[in-house]
Amino acid sequence: MLILILPMQDLKTIPSSIERVTVYNGKALIERSFHVDSAEVGPVSFEIAPLPVLAENSSVQIRLKNGAAVVQGLEVRQRVGHAIEGTQRDELRLRVKRL
């Protein structure tokens, strides 16, 4: 599973929908759309997941259609396995901070 995220912190997952698929010889272009609504001024980080595991990291792009927002960065990370929730996650974060 590939996850599209901006700077690391607790992230809100944004649902996305496939708008268009263009098939090429051996590849496909998949265009997704999503809506980010923020009443806060300043940086907003979010996650779009899951993306196909075979997606090429260097091919992921983001484009703004509306609003006065500015994209300040884009980071693609690959996660393997299931997300850890709650107490176990918090314990692991504490252990990492101690390193």
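Biologist: In what order do the elements of the protein chain run from the N terminus on?

Modeller: They run β-β-β-β-β-β-α. Here helices (H or I, at least four residues) and strands (E, at least two) are DSSP runs, numbered from the N terminus. In total, the protein chain has 1 helix and 6 strands. Residues are numbered from 1 along each chain as its sequence is written. This is a predicted model, where local features need pLDDT of at least 70, side-chain atom pairs count only at pLDDT 80 or more, and totals for chains, interfaces and linings use all residues, while side-chain values use heavy atoms and leave out hydrogens and water.

Biologist: Which elements have the lowest and the highest mean pLDDT?

Modeller: pLDDT is the predictor's confidence in each residue, from 0 to 100. Strand S1 (residues 2-5) has the lowest mean, 48, and S3 has the highest, 91. Where pLDDT is low, the predicted coordinates should not be read in detail. For the protein chain, the mean pLDDT is 77, with 81% of its residues at 70 or more.

Biologist: How many salt bridges are there?

Modeller: Look for a side-chain nitrogen of Lys or Arg within 4 Å of a carboxyl oxygen of Asp or Glu. The count comes to 2 salt bridges. In one, the side chains of Arg-20 and Glu-31 meet at 3.0 Å, N to O. This pair links distant parts of the chain, 11 residues apart, with Arg-20 in strand S3 and Glu-31 in strand S4 (residues 27-33). Glu-56 forms another with Lys-27, where the closest N and O atoms are 3.2 Å apart. Glu-56 sits in the loop between strand S5 (46-51) and strand S6 (75-78), and Lys-27 lies in strand S4, 29 residues away.

Biologist: Is Glu-31 buried, partly exposed or exposed?

Modeller: Buried means under 20% relative accessible area, exposed over 50%, and partly exposed in between (1.4 Å probe, protein chains only). Glu-31 is partly exposed because its relative accessibility is 25%. Arg-20 also counts as partly exposed, at 48%. Across the 99 residues of the protein chain, 11% are buried.

Biologist: Which residues form the nonpolar patch on the surface?

Modeller: Such a patch joins nonpolar side chains (Val, Leu, Ile, Met, Phe, Trp, Tyr) within 5 Å, from residues with over 30% relative accessible area and no salt bridge. Here Ile-18, Val-21, Val-23 and Ile-30 form the patch, with about 370 Å² of accessible area together. Strand S3 (residues 17-24) gives the most, with 3 residues. Val-21 lies in that strand, S3, and is partly exposed because its relative accessible area is 48%.

Definitions and conventions:
Patch = residues over 30% accessible without salt bridge, like charges linked within 9 Å, V, L, I, M, F, W, Y side chains within 5 Å. Areas by Shrake-Rupley, 256 points an atom, 1.4 Å probe, with all protein chains shown as cover.
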